[in-house]
Amino acid sequence: MARMNTETQVQMPSPKKKSSLSEKTKESLSGYLYISPFFILFAIFGLFPILFSFYLGFQKWNGLGEMEFVGFQNFKWILTDPLFWKSLTNTLYMWVIGTIPQLIIGIILAYALNSALIKAKSFFRVSIFMPYVTSTVAVAIVFGIMFNSQDFGLFNVILGWFGVDAVSWGTSEWGVKIAISTMVFWRWVGYNTIIYLAGLQGIPKELYEAAIIDGATIRQKIQYITIPLLRPIIILTVFTSTIGALQLFTEPLIFIGRTYREEGITVVLYLYREAFANLAFGPASAAAIILFIIIIVISSINVLVANRISR
Amino acid sequence: MKKWFLLVVLLGLMLFVVACSDDSSSSDSDGNAGNNSDGETNTDNGGSGDSDSGGDPVELDFWVFGNAGYDVLAEEYKKDNPNVTININEGEMADQHNNLFTSISGGSGAPDIAMVEVSEIAKFMEASDQFYNLNDYGAADVGGNFLEWKWQQAQSVDGSFQIGLPTDIGPTTMFYRTDVMEEAGLPTDRDELAAELDTWDAYYEAAKTIKDATDKPIADAPKLVFNALRDQEEQQYFDEEGNLIIDNVKEAYDYTTKMIGEGLIGQNSLWTPEWGSAMADGSYATMPGAPGWMVGNVKGNAPDASGLWDIASIPEGAGNWGGSFLTVPAESEHPQEAYDFIAWLTAPEQQLKAFHEKGLFPSAPDVYENEEFLATTDEYFNGAPTAAIFAEAAKSVTPVYMGVNYSIVDTELDTAITNVAVEGADPQDEWDAAVERIETQLERQ
């Protein structure tokens, strides 16, 4: 800044041309300054770790000692580890159980919130969004208590009313997955509802009015007006929730704890265990890279399908 | 929506970063200012500040886990050393070790004093350049105060590097519920019971008696039974060369799974809420392999069960479970003050206080001869002479080499035992699967 000031002082004789140029640089400089905090923070907390894990994927390192280059050994270990594949299928199962109902119910809830029948709209809007602002750890702890495997656990008591035997939520193959998916569902359904609601409010009223005049039923209105016009929003939520589901971590960590039981281990939890429980940072980074590639593949499929649908 | 959210997150992050950097820079400048005034600027009276280190206010961050009760002792220390402030940060054991590891690996954020458990000390010993050698601060002089094997666990092989000062040890005993024993028609007196349950075979027979009479299991957490037997072995998961010798604990595993198969032990996992509430309910008869530090856990989980619990010696002799060390990470700017504090905290008198307060059993054998110590009884445990019982147990404890990868093995065996107990899985299949998982993970070390 100081240098620019002296420059303008020195160039006094022809101020018009010069100052307009430095105005421009000034403007863009201040623009970059304004956006720099994000990029600086991103470089430190986002970009550097990403690049570093690519480097680590080819090293053997316990976090403290010297690193040792091992080539593709880490990838070989990960790809031949049945537990890694188990963690991947777990993640996909929980994505299906947790995400798809979430999107469907999100649309229904958004439709209900948008309808003229409901009073105290802002109250419901806020309360449906509340789970999203709740700390994931708190959610997982509370749900962990409700999904207690003993007979007195809340969900087991409820199942008992219907004559169903107590489920060992913490250790059985599907019990763990359903419990974790329920947490994900509860936490994210409100977020998606609000996004859908915004989408719904963007649909012009005239279309509905015209449809009513033509004698359309509610079902027809949803099928021919709401869903098609909501399509970009639906695609967006499918995207974000897919990527989110592939990175599922906190809920299973809190719920199954540090036993890393194979019924509930997700890919991210798997690599967390490698890194921070076993201090094998090389294989952990290799797993992260593989997950990165998987996310790229799934996202590309998403884009392809989305393009085809919206055409 | 998203933008707003991002903005808020960013703002929060920035505040966080600012707060962090502010903190470290201010403490940095404190330290530098002190050094400068000694070394550079005030050359005429240089060095005067060094000699009386008692004057300058010093803050020590101290990371603790478990129910150690060190906050009370830290207050006491402050009375005699008003310039030293101890900031105690209590957390879960695994979290504290993780945090310590991360901060050491990252080179910033480590406390002045960190508590490290015996199963983790070997791991941190490998990074001994990240810690102060306590021998440089006078540790060699106090080494004789502690049990020799305990002292050596925190020492390099040649004995030149001392990473930590010992706090407590965990000689194992057997806690039991007098009400359940009475119901089952077994002796309720601790000596008679110990005489009756002198072997694990006798323990097994008693389990059947209790099951028949009361329909309660003899113990609720299968892992605890396994641990009790495991801790009696002289070698456990690894030998001193670091080879996996897991077959050593197969007998303990078989005994545990046989009991599970016959419905003689419950299903609870350690440290779960169910496990805690069962202590209050009296839904089982014994807690085998319970060390001194378990006293605080039982009292905390079952505050109303006073007089219902009692302590007897464990079948076939005590082992050791747990116990910790206090270390000074190399990042600390006040190693001398930190050392002075932990030397005080681990001195026999303070260990005695920690024992009275929370049951942490002293690692300083001087205390064992102390009349006042031996006379300690605990009303909660039916007036049992706790100190004498634990001291008796401590005599038969032999040092065990745990190795760097102890927790990998222990976690997988825990999973195997839980699968047998809760899912009714086949014990041998689970054992084989656990060994396979262990070998996969060890390969990557």
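In this predicted model, 25 residues of chain B are in contact with 23 residues of chain A, two residues being in contact if their C-beta atoms, placed from the backbone, lie within 7 Å. On chain B, the side that touches chain A draws at least two residues from each of helix 1 (2–39), helix 4 (93–106), helix 13 (273–281), helix 20 (406–423) and helix 21 (427–443). Helices (H or I, at least four residues) and strands (E, at least two) are DSSP runs, numbered from the N terminus. Helix 20 of chain B gives the largest share of this side, eight residues.

Chain B is assigned domain 1 (57–169 + 323–368) and domain 2 (173–319 + 388–443); such bounds come from an automatic or database domain assignment. Taken over C-alpha atoms, the centres of domain 1 and domain 2 of chain B are separated by 29 Å. Between them, 16 residues of domain 1 of chain B are in contact with 16 residues of domain 2 of chain B. To the side of domain 1 that touches domain 2, helix 5 (118–125), helix 7 (148–153) and strand 5 (168–169) of chain B each supply at least two residues. Helix 5 of chain B provides the largest share there, four residues.

The table gives the residue classes of both sides.

| Side | Nonpolar | Polar | Charged |
|---|---|---|---|
| Chain B, touching chain A | eleven residues | nine residues | five residues |
| Domain 1 of chain B, touching domain 2 of chain B | seven residues | five residues | four residues |

Ala, Val, Leu, Ile, Met, Phe, Trp, Tyr, Cys and Pro count as nonpolar, Asp, Glu, Lys and Arg as charged, and the others, Gly among them, as polar.

Residues are numbered from 1 along each chain as its sequence is written, while chains are lettered from A and ligands numbered from 1 in the order in which they are written. As the model is predicted, local features need pLDDT of at least 70 and side-chain atom pairs count only at pLDDT 80 or more, whereas totals for chains, interfaces and linings use all residues.
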